[in-house]
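Let's take a walk through this one, starting with what counts as being covered up and then moving to where the chains meet.

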Amino acid sequence: MLGQEYMRNALLAGGFIALACGVCGWFVVLRGQLFAGDALSHVAFPGALAAAAAGIDERIGLFAATITAAVGIALLGRGALAGRGSRAAGAALADDADIGVLFAFVLAVGLYFLTRFSLGSGGSAGVQASRTLFGSIFGLGAGEAQFAAIVAALVLVAMAAIARPLLFASVAPALAGARGVPTRLLSIGFMAILGVVAAEATQAVGALLLLGLLAGPAGAAQQLRVPSAAGALLASALALAAMWGGLVLAYLVPSLPPSTSVIGLCMLAYLGAVAVRRGAGGAHR
Amino acid sequence: MLTEAPAPSWNPLRDLSQILEYHFMINALAASSAVAVVAALVGWMMVMRRETFAGHTLAMMAFPGAAAAALAGVPAALGYLVFCGAGAVAIARLPGAAGSWREEAAGVGVVQAMALALGFLFVSLYGGVLGDLETLLFGDVLGVSDGQVVVLVCVALGVLVLLAAIARPLLLSSVDAPLAAARGVPVRRLALVFLAMLALAVASASQVTGPLLVLALLVMPAASARVLTVRPVASLALSVALGLVAVWLGMGIAYFSVYPPSMFIAFTAFACYLAARLAGLARERRRRRAPQASEPVPPATGLAGAGG
């Protein structure tokens, strides 16, 4: 299996992407920003298709779109809070519907580029759409895989650097602010990192499935009530296991797409954690 | 899709009569109107209950539903209904559905990703032309048949009757769950019933806009109406009106274009949303400039601004 070059590329890129997704996903779930993460992954779709329609490298479109949207969402949340002043509950209410509006719009833009691309170039648009939406990790070249691995490693370094203040700011924002932690800057920075992760993971599991890699391992760690740093580590370990396990499964069963097996294992990890939790809860009672 | 689109004559009446000459356009308009009304009403409740993420996830269930139906050779509507219904039950049974919504969110996210992964698996097993993927994800309202229109209208009427029956307790339990529970309202059962209604609305809307753009009809009208007025009945009515405007204008524009109708429906709804946000901002600024007028009743001009 390791003799195949595409498999080595997939394992290398997928491994680093899974680690980055696990760590970031854990913070996303902790901060209750999963819906925003979902929106970011959808933004990757028009980004890649716009790049394809313009005939440039799809990664330029991916990174530009997701990072812009990430910073936009961070600023939008801040603006909503500032505009509504003391009506804190109302401001919180504003978020999920507004994000929903944003990404229905974003998907419509993606549909525009998809149609425009298919008008221009015959048959390849469907393939491009499928690649962007559902990933094509077995199609990564050596250069692309190394690039993905390097970027994911940089994400891991950045997360390690901001992990402590970010954790503080996520758990007790008011206290962290009073202690001089730049909470707003952190939240914008974290969203930008999440944008990078979204663009990365789109190449592996696709814009639509990235959510499973963010939510599954992190949700499992949270269900098991693993405390802070260990939880983030457990989430990334689970993500890595799901990624490599899924890749091997897809290699052994040719009709199984790798994205499906990876997300399936993430789902199993989550369900297993829920079962363990329920079992433990029953034993305590 | 690659065929030449008819050019508009810029005479609205003649254009309209030209559009209505085609049976498929009448079917498409009837189907999308029924869907728009249901989606706007249920979506309004969804926004109120802050369940947009759940709504989006149910919409994503429609994709494996349609793909599985294609694989099994049964009508797509059946696949939509079965998978959306299963999704509603799965979300309702998630841990922490009543308590902290963060836990629920992780579960909802896992359900959504798994649904999409299954859909992709079905599509690859089906091995059909990849062009079908676009139809599965973005809908094909111009291909709606007579039978589908009848089903959609019946589903719409059913949802409306059910919604009217449970509207008051549902509204109370959405706004203040502890109070509702103290008054003897079955909050948890209502939550499940609402998710089932949401699943029905989503399964219908998927046939018009496709799973990926269901939110355009579900959340955009409600989010716009919410900015313009705080009164529940006015806001509900406004939401329905905006939904209808979005589908009619969207389909009308799409008739003269080679681009798909679901895209124009989403863009029209988004334009309404932007207009509503601008109107809301203007009103806020006016109120801030006149600090004497301290009563929070919004002026009636906010409604007039909705047409822009």
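A residue is called buried here if 20 or more other C-beta atoms lie within 10 Å of its own, with the C-beta atoms placed from the backbone. Keep in mind that you're looking at a predicted model.

With that cut-off in hand, take α2(A): 20 of its 21 residues are buried, so the helix is mostly covered. Its length works out too. At 1.5 Å a residue, those 21 residues should span 30 Å, and the end C-alpha atoms of α2(A) are 31 Å apart, which agrees. Right after α2(A) comes Gly55(A), which has a positive phi, near 80°.

Now hop along to α9(A). Here 14 of the 14 residues are buried, so the helix is largely enclosed by the rest of the structure. The same kind of ruler check goes fine: its 14 residues should span 20 Å at 1.5 Å a residue, and the end C-alpha atoms of α9(A) sit 20 Å apart, in agreement. Following α9(A) is Arg225(A), again with a positive phi, this one near 60°.

What about the meeting of the two chains? Chain A puts 47 residues in contact with 45 residues of chain B. On the chain A side, the elements giving two or more residues are α2 (34-54), α4 (88-121), α5 (124-134), α9 (210-223) and α11 (258-284), so both helices we just visited are on that list. The largest share, 16 residues, comes from α4(A). As for chemistry, the chain A side that touches chain B divides into 31 nonpolar, 13 polar and three charged residues.

Methods
Residues are numbered from 1 along each chain as its sequence is written. Chains are lettered from A and ligands numbered from 1 in the order in which they are written. This is a predicted model: local features need pLDDT of at least 70, side-chain atom pairs count only at pLDDT 80 or more; totals for chains, interfaces and linings use all residues. Two residues are in contact if their C-beta atoms, placed from the backbone, lie within 7 Å. Helices (H or I, at least four residues) and strands (E, at least two) are DSSP runs, numbered from the N terminus. Ala, Val, Leu, Ile, Met, Phe, Trp, Tyr, Cys and Pro count as nonpolar, Asp, Glu, Lys and Arg as charged, and the others, Gly among them, as polar. The expected span of a helix is 1.5 Å times one less than its number of residues. A residue is buried if 20 or more other C-beta atoms lie within 10 Å of its own, exposed if 12 or fewer, and partly exposed in between; C-beta atoms are placed from the backbone.
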